[in-house]
Amino acid sequence: DVSVEDPQGCLRFAVRIVENIAVGPSPPWLQRRLRSVGLRPINNVVDVTNYVAHEVGQPLHAFDFDRFVAAQPDAERTAHVVVRRGRDELIVCLDGVERRAGPADMTVCAGATAVSMAGVIGGAGTAVDEATRNVLLEAASWDGPTIRATSKRLQVRTGASTLYEKGLSDTLPPLALDRAA
């Protein structure tokens with residue numbers, strides 16, 4: 001269930017759910033390819049998102065589906081994904097740093113709970129790890145100037161933010177999701 005509350009900040013938002021996976025090391029060929037472009041292999045799920053991002057030019061983000069659902073109060077087994085502006089709320093990011101999302105920033109939310117600084121850095125609370133069994137893959141077309149402003153304000157520059165701030169075609173998200181899945 002996806003709701004985009006700010007279509008100017010997010011031109012397109014697409015998801016895929018991949019169930020019953022085993023998180024572990026990527027195959028050696030994938031690790032070699034990631035290292036060849038300067039990336040550190042993390043695990044098979046994160047690595048495939050990075051590989052596809054370099055292959056087709058569309059960043060992806062992987063959420064632990066079960067942790068995403070758990071972040072929603074009174075949730076059933078449905079992920080209520082809300083894409084909106086920040087509301088002066090704190091997000092503990094993948095690097096362990098707590099950052100504040102405000103009205104100038106786009107966020108990805110599990111229901112009412114912001115879980116990711118959209119286009120810049122994901123949240124630790126929904127990160128994929130060895131216990132992950134179900135994944136919510138996300139690909140979006142974010143407004144470049146918005147992502148650039150958030151990245152600059154937070155002083156966080158990622159491969160994804162670099163691509164988004166230049167502007168990406170809104171036709172790429174479904175292609176990248178299909179490729180990664």
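These are my notebook entries on helix packing, sheets and a few single residues in a predicted model.

**Ground rules.** I number residues from 1 along each chain as its sequence is written, and I use heavy atoms for side-chain values, leaving out hydrogens and water. The model is predicted, and I accept local features at pLDDT of at least 70 and side-chain atom pairs at pLDDT 80 or more, while totals for chains, interfaces and linings use all residues. I take helices (H or I, at least four residues) and strands (E, at least two) as DSSP runs, numbered from the N terminus.

**Entry: α2 against α6.** I looked up how helix α2 (residues 44–56) sits on helix α6 (residues 172–180). The two pack at an angle of about 135°, and their axes are 10 Å apart. Axes here are lines fitted to C-alpha atoms, for helices over the stretch in contact, and angles run from 0 to 180 degrees between N-to-C directions. α2 and α6 are therefore oblique to each other. In that scheme, angles under 35 degrees count as roughly parallel, over 145 as roughly antiparallel, 65 to 115 as roughly perpendicular, and the rest as oblique. The crossing of α2 past α6 is right-handed; the near helix is then turned clockwise from the far one by less than a right angle, and anticlockwise would be left-handed.

I then listed the contact (heavy atoms within 4.5 Å). From α2 it takes V48, Y51, V52, E55 and V56, and from α6 it takes L172, L175, A176, R179 and A180. By class, these residues are eight nonpolar, no polar and two charged. Ala, Val, Leu, Ile, Met, Phe, Trp, Tyr, Cys and Pro count as nonpolar, Asp, Glu, Lys and Arg as charged, and the others, Gly among them, as polar.

I also checked burial, where buried means under 20% relative accessible area, exposed over 50%, and partly exposed in between (1.4 Å probe, protein chains only). In α6, the buried residues are L172, P173, P174, A176, L177 and A180. Their cover includes β2 (10–18), α2 and β10 (135–142).

**Entry: α1 against α2.** Helix α1 (residues 28–36) also meets α2: the axes come within 10 Å and cross at roughly 50°. That makes α1 oblique to α2. This crossing is left-handed. I find W29, L30, R33 and L34 of α1 meeting D47, V48, N50 and Y51 of α2. The contact of α1 with α2 has five nonpolar, one polar and two charged residues.

**Entry: the three-stranded sheet.** I traced an open sheet in the order β2-β10-β3, paired antiparallel; strands pair if DSSP finds at least two bridges between them. Its edge strands are β2 and β3 (61–64), each pairing on one side only. From one strand to the next the twist averages 25°. β2 and β10 are joined by eight bridges and run antiparallel. One bridge I noted sets A14 against A139 in β10. α6 packs on this sheet, touching β2 and β10, and its direction makes about 15° with that of β2.

**Entry: the five-stranded sheet.** A second open sheet runs β1-β4-β7-β8-β9, with mixed pairing. Here β1 (2–4) and β9 (121–122) are the edge strands, each pairing on one side only. Strand β8 (residues 113–117) pairs with β9 in the antiparallel sense over two bridges. M117 stands opposite I121 in β9.

**Entry: two buried polar or charged side chains.** E165 is in helix α5 (residues 159–166). E165 counts as buried, at 12% relative accessibility. With neighbours within four places in sequence left aside, E165 contacts G144, R148 and R157.

Q72 lies in the loop between α3 (65–70) and β4 (81–85). Q72 is buried as well, with a relative accessible area of 6%. With the same kind of neighbours left aside, Q72 contacts T78, A79, H80, A110 and G111. Q72 and A114 are 42 residues apart in sequence, and their C-alpha atoms are 9.8 Å apart.

**Entry: positive phi.** I noted D88, which is not a glycine yet has a positive phi of about 50°. D88 lies in the loop between β4 and β5 (89–92) and is exposed, with a relative accessible area of 51%. Q155, not a glycine either, has a positive phi of about 55°. Q155 lies in the loop between α4 (144–154) and α5, and is exposed at 73% relative accessible area.
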